Structures are given as structure tokens and as C-alpha cells.
Amino acid sequence: MKAIIYMMSKEIRDGLRNRWVFATTLLLLMLALSLGFLGSSTTGEVKVDPLTVTVVSLSSLSVYLIPLIALLLSFDAIVGEVESGTMSLLLSYPISRWQVLVGKFLGHLTILSAATIVGYGLAGAVLQLAGGGLDFSVWMPFVHLIVASILLGASFLAIGYLVSSMTRERAATIGIVIAVWIFFVVIFDMVLLGVLIADTQHAVSASAVNIALLFNPTDVYRLLNLTGYENIALYSGMGGISEQLELSRWVLVVAQLLWIVIPFSLAVFRFRSKQI
């Protein structure tokens with residue numbers, strides 16, 4: 001346990017030294033504030049709380065930003081230290097390989113979680129104060145957004161670790177994680193939409209679509225945020241989808257957790273047999 005805590009604290013110190021924590025927090029804060037204030041012009045007309053507008057907007061844009069931040073944090077977690085020679089030095093100490101990965105992963109997850117909580121949390125408080133005062137009765141969807149964003153980030157951290165454990169050169173890792181990001185954020189949904197448009201005979205059932213969505217962590221994230229609450233679903237235009245969705249919230253949560261556990265477990269398995 002001490003070895004894991006040591007590796008975790010090392011990654012956090014590195015993140016603070018490299019200003020990752022500050023830069024990520026500021027980026028998320030500015031994004032949330034910008035979306036909140038830009039969308040506030042419509043809230044008076046439709047009687048929607050500014051936080052509701054922000055949740056809908058962030059649920060769409062965080063799909064692009066959170067995975068990218070997570071992949072940038074994790075892509076060289078293994079291959080970078082192997083190339084620099086620090087991994088060989090690290091493994092010369094009484095610490096096992098799985099402890100190295102768990103400690104590094106928890107350190108990166110702490111950095112991402114702190115940035116998300118502080119960045120989005122401060123933005124939510126500012127938006128409510130600007131709208132007339134704090135009303136904690138409408139905060140549950142926003143808190144849900146923060147938790148879901150952390151889980152989404154953890155999923156792509158795990159994917160980044162898996163890619164880093166399978167490659168031998170840092171340059172190749174960068175190319176692969178960019179391709180992974182483009183696939184999950186852009187290509188997957190485009191292909192699914194193309195299949196549905198081409199399916200003029202309605203051979204693809206709603207159940208098949210529901211299952212297909214589980215194979216993309218970003219789609220699971222969207223469904224968690226945009227269909228869990230009636231006001232969010234209505235404002236986002238997904239009210240009809242939420243009524244037809246056959247996946248419960250717990251199924252979506254388990255799917256998101258599996259997107260963390262499976263890639264990270266594969267990364268640990270691959271790293272244990274990796275030549276250093």
C-alpha cells in the first residue's frame with residue numbers, strides 16, 4: 001500500500017510541477033462559465049435555471065474535452081518512462097509492476113478529479129450567484145454531471161494506459177491515442193448514424209441500438225447526463241429518447257465502470273510481460 005501511495009503522490013507532484021492541475025482546472029472553469037453565460041440569455045424566456053443550460057451544454061462539449069485531457073495525461077505513463085530509463089530505475093526498488101500502474105493511475109485520476117470538481121464546481125456557484133443566489137435544490141443534475149465526467153475521464157485514462165503499455169515509442173503512442181480519441185468521439189457515432197439511415201427496412205431494432213451505445217464510453221456518458229432528469233431531457237431535446245431508452249441508470253453506470261476496469265486490467269496484464 002505504501003508503494004501505491006508513493007507512486008500516486010509522485011504523479012500528483014509531477015502534475016503540480018508541470019502546472020497540469022492549474023491549466024486543466026482553469027480550462028474547465030472557463031469552458032463552464034462561457035457556456036453558462038452564453039446560454040443565460042434564453043433561460044429567462046423559457047424559465048430554465050442556468051445550471052440546467054450548463055449541464056446540457058457541458059454534456060455535449062465535455063465529451064470532446066475530458067477524453068482528450070485524460071489521454072494527454074496518460075499516453076506516456078508507461079512508454080515515456082521506459083524511453084527515458086526511469087522505469088528501469090523505478091522497478092529496481094521493492095515495488096511490483098501492478099503497484100506502479102495502480103499508483104500512477106490513481107495519481108492521474110486525482111489530478112483529473114480535482115480539476116473537474118473545482119473547475120465545474122466554481123463555475124456552477126458563480127452562475128447561480130449571478131442568477132440571484134444559491135439554490136441547492138437544482139444542483140443534483142450538476143453534481144451528477146461532475147461525477148459522470150470523472151468516470152468518463154477515468155475510462156480514457158485506462159484506455160491511455162492500455163495504449164501506453166502496448167507501444168514501444170512515444171511518437172507512435174501519440175498517433176494511436178489521437179486515433180482512439182477521433183474514433184470514440186466522432187467516427188463511432190457517425191458510423192452508427194449511417195447504419196440507421198441506411199436501414200430502410202428497420203432491421204436494426206431499438207434493443208440493438210441500445211447495446212451498441214454501450215460500446216462507446218462517450219455515448220454512455222451522454223445518456224447518463226441527458227436522460228436521467230426530466231428537465232434536462234426536455235431541454236436537451238432527448239425527452240423522447242429517454243422514454244424509449246431500455247437501459248437503466250445502473251446499467252449505464254456499470255457500463256462506464258467496465259470501461260475503466262477492463263482497459264486498465266489489460267494494461268496491467270500487458271505491462272507485467274513487457275520488456276523494459
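This report covers helix α6, three helices that pack against it, and a pocket that it helps to line. The model is predicted.

## α6 and α7

Two packed helices are described by the angle between their axes and the distance between the axes. Helix α6 spans residues 97-130, and helix α7 spans residues 140-166. Their axes come within 9 Å and cross at roughly 150°. Angles over 145 degrees count as roughly antiparallel, so α6 and α7 are roughly antiparallel to each other. Their crossing is right-handed.

On the α6 side, the contact includes Leu-101, Phe-105, His-108, Leu-112, Ile-117 and Tyr-120. On the α7 side, it includes Phe-142, Ile-146, Ile-150, Leu-157 and Tyr-161. Glycines take part too, among them Gly-121 and Gly-124 of α6 and Gly-153 of α7. The residues of this contact divide into 13 nonpolar, seven polar and one charged.

## α6 and α13

Helix α13 covers residues 249-272. The axes of α6 and α13 come within 9 Å and cross at roughly 140°. The two helices are therefore oblique to each other. This crossing is right-handed.

Arg-97, Trp-98, Leu-101, Val-102 and Phe-105 form the α6 side of the contact. They meet Ile-260, Phe-264, Ala-267, Val-268, Phe-271 and Arg-272 in α13. By class, the contact has nine nonpolar, no polar and two charged residues. Leu-101 and Phe-105 of α6 also belong to the contact with α7.

## α1 and α6

Helix α1 runs over residues 2-17. It packs against α6 at an angle of about 40°, with the axes 7 Å apart. That makes α1 oblique to α6. The crossing of α1 and α6 is right-handed.

From α1, the contact includes Ile-4, Met-7, Met-8, Glu-11 and Ile-12. From α6, it includes Trp-98, Val-102, Lys-104, His-108 and Ile-111. The residues divide into 10 nonpolar, six polar and two charged.

## The second largest pocket

Which residues lie nearest the centre of the second largest pocket? They are Glu-11, Asn-18, Leu-73, Asp-76 and His-108. Glu-11 and His-108 also take part in the contact of α1 with α6. The pocket has a volume of about 310 Å³, and 17 residues line it.

Three elements give two or more residues to the lining: α1, α3 (50-74) and α6. The largest share, four residues, comes from α1. By class, the lining has six nonpolar, four polar and seven charged residues.

Note on methods. Residues are numbered from 1 along each chain as its sequence is written. This is a predicted model: local features need pLDDT of at least 70, side-chain atom pairs count only at pLDDT 80 or more; totals for chains, interfaces and linings use all residues. Side-chain values use heavy atoms; hydrogens and water are left out. Axes are lines fitted to C-alpha atoms, for helices over the stretch in contact, and angles run from 0 to 180 degrees between N-to-C directions. Angles under 35 degrees count as roughly parallel, over 145 as roughly antiparallel, 65 to 115 as roughly perpendicular and the rest as oblique. A crossing is left-handed if the near helix is turned anticlockwise from the far one by less than a right angle, and right-handed if clockwise. Contact means heavy atoms within 4.5 Å. Ala, Val, Leu, Ile, Met, Phe, Trp, Tyr, Cys and Pro count as nonpolar, Asp, Glu, Lys and Arg as charged, and the others, Gly among them, as polar. On a 1 Å grid over the protein atoms alone, a cavity is a set of points where a 1.4 Å probe fits but cannot get out, and a pocket is an open set with protein on both sides within 12 Å along at least five of seven lines; lining residues have an atom within 4 Å of a point. Grid points are joined across faces, edges and corners, and a volume is the space filled by probe spheres set on the points.
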